[in-house]
Amino acid sequence: MDQQQEASSALQRICAALDPFILEDTNTSLLGGYTGVALFYAYYYQLTGNEEHLDKVHHIIEKCLQALSEEPMNGSHCSGIAGVSWCIQHLGTMGFIEADDTDDTFADIDLLVADFMASELAEGRNDFLHHGLGTALYFLERLPAATAVTQLENLVAHLEKSAISLPGGIAWKDHFSSRSQQHPDEDLFNLGLAHGVPAIISVLARCYEKGIAKERSRRLIDQSVQWLLRTKNNAAEATHSRYPTIVNTANKVMGDAHSRLGWCYGDLGIALTLQGAGKRLNRTDYQEEAQQLFKHIAVHRNVKNSAVHDGCLCHGSAGIAHILQQAGLAAGGDAALLNASRYWLQNTLQMNTWDDGPAGYKFYHHPDYINSHNVLEGIAGIGLSLISFADTSIKPAWGECMLID
C-alpha cells in the first residue's frame, strides 16, 4: 500500500472516531474542541464528495451557534468566541455553509471580540493562541466591514506603541515568557509561532496585505524581522535548530539553545513566518532565508533530534509533514522539501498503534499519552494534514487558523 492509500485508509478511521465525538463533546472551541472538527469534515467532503460529511459540518455549526448564544466564553482564538466565529465565517467563505446576512449574525460578536482584544492588549498579553493577538484573524475574516478595519488599525497602533527597541530591531514581550521563576529580573522574548514574536510578524503581514495601516505595518514587520534574524545561531551543530526558544534583551539564549521541531516552537514556525512576510511584502530576501531554513530542516532534522513524540499538528509529525509539503509545493515542487514531507508523513502513518486511542492515535501530554480528538493536538488535525497528501489539489485554506500559508 502506498502513502496515498495509507492516508486514505487512516482518514476513514479518523472520520469514524470523530463521528461520536461531535455528538458528545462539550468543548466548543476551535482548536481544542468540536468546532474545529467542522474543518475536517468540510475538507474531507471535498476529498470524498460524500454529502454525509457536509451534513456533519452543518450539525456542528448549529451546535456552535447555540453555544455562542447560551454559553459563557472568553474572546480568544484558540478556545473562545473569536475562533468559533472565525470558523463559521471561513466555512461560509469557502461555500460549505450559507453565508447570508453575516453582518447581522456577527454584529454582537464584533463588540465582544473587540472588547476582549482591547483589554488583553492593554495588559500586554499579545499571545496568539490565548490572548489579544489571535483575535485579529476574526477581524481579518470580517473585512471589509468597517468595524474590522477599525479594530485592526487599533491593533497595529498598539503594536507600534508597545514595541521594544532591541539590538538590531524591535520585538514584543509575551505573557508566557516575559518573566520567569528562573530569570525573574530579565525581560524575555519568545520565538515560538504559537505564543511569540513570529506570530506578531505573521499577523502584521496579513494586515499589510489587506491594506491596514500599510506604512506602519511594513515598518514594524521589517524592524522585527531584522531583530529575529539576529537571534539565529549560525554556529549551531547541523542537527540542532538554528533558532532558540527564548532570548533576553541582549539576544542571549535563555535555557536550551536547541529547540524542538514543530508548528508551535522552533525553526519550522520561523520559516513559515519569514516565507509569509516575504510573500506579502515582496521581500525576496525574507523568502530566501525561509527556503534556506526549510532546506536545513529537510536535510538535518528527524524524529530523534526534534523531540517529536506523536502525530499532532501542534508539535507532532503531521504538522511537520503538512508544512513541509506546502512549502515544497509553493517552491514549485521542490524535491528536497517534498521528500522530507513524505518522511514525516510516514512517521505519522506509523504512529496509530494505540488500541485504546481514537483511530489508533494518542497525544503526548508529559508524562502520559492521552486521547485527543481536536485540531491542535488530536486526530482532527492529523486528518486535515492527511487530506493534503491524499489529494494535493485540495487547497488547505484551513491552515489560516494556525497562520500556515
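This report walks through ring contacts, helix packing and some unusual backbone spots in a predicted model.

## Aromatic pairs

Let's start with the rings. The structure has nine aromatic pairs. One of them brings together Phe 106 and Tyr 138, with ring centres 6.3 Å apart and planes at 65 degrees, so the pair is edge-to-face, the cut-off for that class being over 60 degrees. This pair ties together distant parts of the chain: Phe 106 belongs to helix 5 (residues 102-122) and Tyr 138 to helix 6 (residues 135-142), with the two positions 32 residues apart in the numbering. Phe 106 counts as buried because its relative accessibility is 2%, and Tyr 138 is buried too, at 0%.

Another edge-to-face pair is made by Phe 189 and Trp 227, at 6.1 Å centre to centre and 65 degrees between the planes. Here, too, the partners come from distant parts of the chain: Phe 189 sits in strand 3 (residues 188-190), while Trp 227 sits in helix 9 (residues 214-230), and they are 38 residues apart. With a relative accessibility of 0%, Phe 189 counts as buried. Trp 227 is buried as well, with a relative accessible area of 0%.

## A ring cluster and two charges over rings

Some rings do not stop at a single partner. Phe 40, Tyr 41 and Tyr 44 are linked into a cluster by ring pairs.

Lysines get in on the ring business as well. Lys 63 places its charged end over the ring of Tyr 34, 4.2 Å from the ring centre. Lys 214 does likewise with Tyr 208, where the distance from the charged end to the ring centre is 4.5 Å.

## Helix 1 against helix 3

Now for the helix packing. Two packed helices are described by the angle between their axes and the distance between the axes. For helix 1 (residues 3-24) and helix 3 (residues 51-70), the axes come within 11 Å and cross at roughly 25 degrees. That angle makes helix 1 roughly parallel to helix 3, because anything under 35 degrees counts as roughly parallel. The crossing of helix 1 past helix 3 is left-handed.

Which residues meet across these two helices? On the helix 1 side they are Cys 15, Asp 19, Ile 22, Leu 23 and Glu 24, and on the helix 3 side His 53, Lys 56, His 59, Ile 60 and Lys 63. Lys 63 is also the residue whose charged end sits over the ring of Tyr 34.

Helix 3 also holds Glu 62, which is exposed, with a relative accessible area of 56%. If you want a long-range reference distance, the C-alpha atoms of Glu 62 and Gly 332 are separated by 40 Å, and these residues are 270 apart along the chain.

## Helix 7 against helix 9

Helix 7 (146-162) and helix 9 have axes that come within 10 Å and cross at roughly 40 degrees. The two helices are therefore oblique to each other. Helix 7 passes helix 9 in a left-handed crossing.

The contact residues in helix 7 are Glu 153, Val 156, Ala 157, Leu 159 and Glu 160, and they meet Arg 216, Ser 217, Arg 219 and Leu 220 in helix 9. Helix 9 is also where Trp 227, the ring partner of Phe 189, is found.

## Cis peptide bonds

If you plan to check omega values, look at two proline positions. Leu 143 and Pro 144 are joined by a cis peptide bond, with omega at about 10 degrees. Pro 144 lies in the loop between helix 6 and helix 7.

The peptide bond running from His 366 to Pro 367 is cis as well, with omega near 5 degrees. Pro 367 lies in the loop between strand 5 (363-365) and strand 6 (368-370).

## Positive phi at two alanines

Where does Ala 213, with its positive phi, sit? Ala 213 is in the loop between helix 8 (197-209) and helix 9. Its phi is about 45 degrees, although the residue is not a glycine. Ala 213 is buried, given a relative accessible area of 16% and a cut-off of under 20%.

Ala 359 also has a positive phi, near 55 degrees, in a residue other than glycine. Ala 359 falls in the loop between helix 13 (335-349) and strand 5. It is buried, with a relative accessible area of 15%.

How values were computed: Residues are numbered from 1 along each chain as its sequence is written. This is a predicted model: local features need pLDDT of at least 70, side-chain atom pairs count only at pLDDT 80 or more; totals for chains, interfaces and linings use all residues. Side-chain values use heavy atoms; hydrogens and water are left out. Rings of Phe, Tyr and Trp (its six-membered ring) pair if their centres lie within 6.5 Å; planes under 30 degrees apart count as stacked, over 60 as edge-to-face and the rest as tilted. Helices (H or I, at least four residues) and strands (E, at least two) are DSSP runs, numbered from the N terminus. Buried means under 20% relative accessible area, exposed over 50%, partly exposed in between (1.4 Å probe, protein chains only). A charge sits over a ring if NZ of Lys or CZ of Arg is within 6 Å of the ring centre and within 35 degrees of the ring normal. Axes are lines fitted to C-alpha atoms, for helices over the stretch in contact, and angles run from 0 to 180 degrees between N-to-C directions. Angles under 35 degrees count as roughly parallel, over 145 as roughly antiparallel, 65 to 115 as roughly perpendicular and the rest as oblique. A crossing is left-handed if the near helix is turned anticlockwise from the far one by less than a right angle, and right-handed if clockwise. Contact means heavy atoms within 4.5 Å.
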